[in-house]
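Let us read a protein–DNA model one feature at a time. The learner asks, the teacher replies.

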Protein chains: 2
Amino acid sequence: MSTLRQQRRAETQRAIQTHAIRLFTERGYDATTVADVAEAAGVSPMTVYRHFPTKEDLVLVDEYGALIAGRIAASPAGQPLVRRIGTALVEAAALLTAGTEKRFLLARLRLMISTPALRARHLDNVYALQQAIVDALPAGDPEADFRAHAAASACLAAMHTALVRWAADDGRADLPDLISKALAAAFGPELYTGPCSGKAG
Amino acid sequence: MSTLRQQRRAETQRAIQTHAIRLFTERGYDATTVADVAEAAGVSPMTVYRHFPTKEDLVLVDEYGALIAGRIAASPAGQPLVRRIGTALVEAAALLTAGTEKRFLLARLRLMISTPALRARHLDNVYALQQAIVDALPAGDPEADFRAHAAASACLAAMHTALVRWAADDGRADLPDLISKALAAAFGPELYTGPCSGKAG
DNA sequence: CTCGATTGTGTTAGCGACTACCAGTTTGGT
DNA sequence: ACCAAACTGGTAGTCGCTAACACAATCGAG
């Protein structure tokens, strides 16, 4: 395709999102209207909706979902589910925090956690990721599917706990390490040194 | 205190909610306006908002939160966290399904799962329950608090998986049993017979 | 370089959730 | 019977969001 058009598009998108996060942080999410964001970014309110389907999507972080699902699908099938999923989450967190815009990521995370509407939407995104993880595992009987859902949801819940803690610490702690600790607190440390018992599925 | 006024109030509340669930199930949540619900219930749109803060609250189920927190606070402190929390969740589910309005509860649950906006709000309610559970545990150092959050979130995620499965089965399965199975699938069956480390070592 | 097609942007009008404010009526206690 | 409280309704307005139409910029091809 072309470059100039996509370049301008990405440029305005970043401008809109940057001003949105700034205004949301300064005045609060609910106290900031989409018109305010549009005016700050120098565009019309319609343009905001052309680039972001909803006001919430100006803040939400979604990436790495496909990456996580892919890693889990490629992980050795002999290990217990929570270890396979937990390892993928820790590795994805390492990639996430390796990005250069950690301060921007933290600002979005803080908004997501403190604003009820954003928190609800984020939790629903995590729920969608849970479905993606289950879909990445080989489909078995309904019983195995149920166990996969239970394991995935529990792992993601532990990860979310680590995310909240990481944001509360202003990103000073190591996120992958926090996720590991949360997983260990929920499932016991045995899951990272060896199977707790023969869990023949 | 209570007689005619509270009786009428509860009566109109039930009328509004019943018609709301019926219309939402028939036409879909998004395709039904609050004005439709008000008209069906024979009240003004204003009255709907007086009894239910938002349209979503016409569907959401919240009860048993305080009950669960209380049971966890009263559970023996020697057991692992996931066992204490899991036991309380199973017992609360037994009380929930013992109610007489199982069909009504199932209708609300189906709406909550299939409608994105309701699902997100419900997940945020579960998150609030997680906080209530952690607050019900004796406050320790930040590390213990973190572990409590991780354990509570993982248990509630497993419970949510069981809820989804129960709704998919149209309530034919036994909900407490499903929750037990989900917890066992996530944490291993050892957590219900004894500590994991004792058996592995 | 020009022409037609695609795409980004703006304007207007409108729906629906939700709130604030004001007014009328009913209920409970004395 | 009286007064204070609560329940209800109407009006107007804000905000998130969508649809329909018009205009300008950009790109591919002749």
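The dialogue below takes the two DNA strands in turn and then the two protein chains.

Q: Before we start, what kind of model is this?
A: This is a predicted model.

Q: How many residues surround DNA strand C, and which are the closest?
A: Count a residue as near if one of its heavy atoms lies within 4 Å of the strand. Here 22 residues surround DNA strand C. The closest are A:Ser44, A:Thr47, A:His51, B:Leu4 and B:Lys55. Look at the DNA side too: sugar and phosphate make up 66% of the strand C atoms that come within 4 Å of the protein.

Q: Which polar backbone atoms sit by a phosphate oxygen of DNA strand C, and at what distance?
A: Read these as N or O pairs within 3.5 Å. A polar backbone atom of B:Lys55 is 2.8 Å from a phosphate oxygen of strand C. For B:Val34 the distance is 3.3 Å, and for B:Thr32 it is 3.5 Å.

Q: Which elements give two or more residues to the surface near DNA strand C?
A: Helix 1 (4–27) and helix 3 (45–51) of chain A do, together with helix 1 (4–27) and helix 3 (45–51) of chain B. Helix 3 of chain A gives the most, with four residues. By class, the surface has eight nonpolar, eight polar and six charged residues.

Q: Now DNA strand D: how many residues surround it, and which are the closest?
A: 22 residues surround DNA strand D. The closest are A:Leu4, A:Lys55, B:Thr47, B:Arg50 and B:His51. Of the strand D atoms within 4 Å of the protein, 61% belong to sugar or phosphate, and the rest to bases.

Q: Which atoms of chain A pair with oxygens of DNA strand D?
A: Among them is a side-chain N or O atom of A:Arg5, 3.2 Å from a sugar or linking oxygen. Backbone N or O atoms reach phosphate oxygens at 3.2 Å from A:Val34 and at 3.5 Å from A:Thr32.

Q: Which helix supplies the largest share of the surface near DNA strand D?
A: Helix 3 of chain B, with four residues. The classes there are seven nonpolar, eight polar and seven charged.

Q: What rotation superposes chain A on chain B?
A: Check the angle, the shift and the fit. The rotation is 180 degrees, with 0.0 Å of shift along its axis and an RMSD of 0.1 Å. That is the relation of a two-fold axis. In chain A, A:Ala154 comes closest to the axis, its C-alpha at 2.0 Å.

Q: Why do the copies meet through the same surface?
A: Because 97% of the interface residues of chain A are also interface residues in chain B.

Terms used:
Residues are numbered from 1 along each chain as its sequence is written. Chains are lettered from A and ligands numbered from 1 in the order in which they are written. This is a predicted model: local features need pLDDT of at least 70, side-chain atom pairs count only at pLDDT 80 or more; totals for chains, interfaces and linings use all residues. Side-chain values use heavy atoms; hydrogens and water are left out. A polar contact is a pair of N or O atoms within 3.5 Å; within protein, one must be able to donate a hydrogen and the other to accept it, and residues adjacent in sequence count only if both atoms are side-chain atoms. Ala, Val, Leu, Ile, Met, Phe, Trp, Tyr, Cys and Pro count as nonpolar, Asp, Glu, Lys and Arg as charged, and the others, Gly among them, as polar. Copies are superposed by least squares on the C-alpha atoms of residues with pLDDT of at least 70 in both. Contact means heavy atoms within 4.5 Å.
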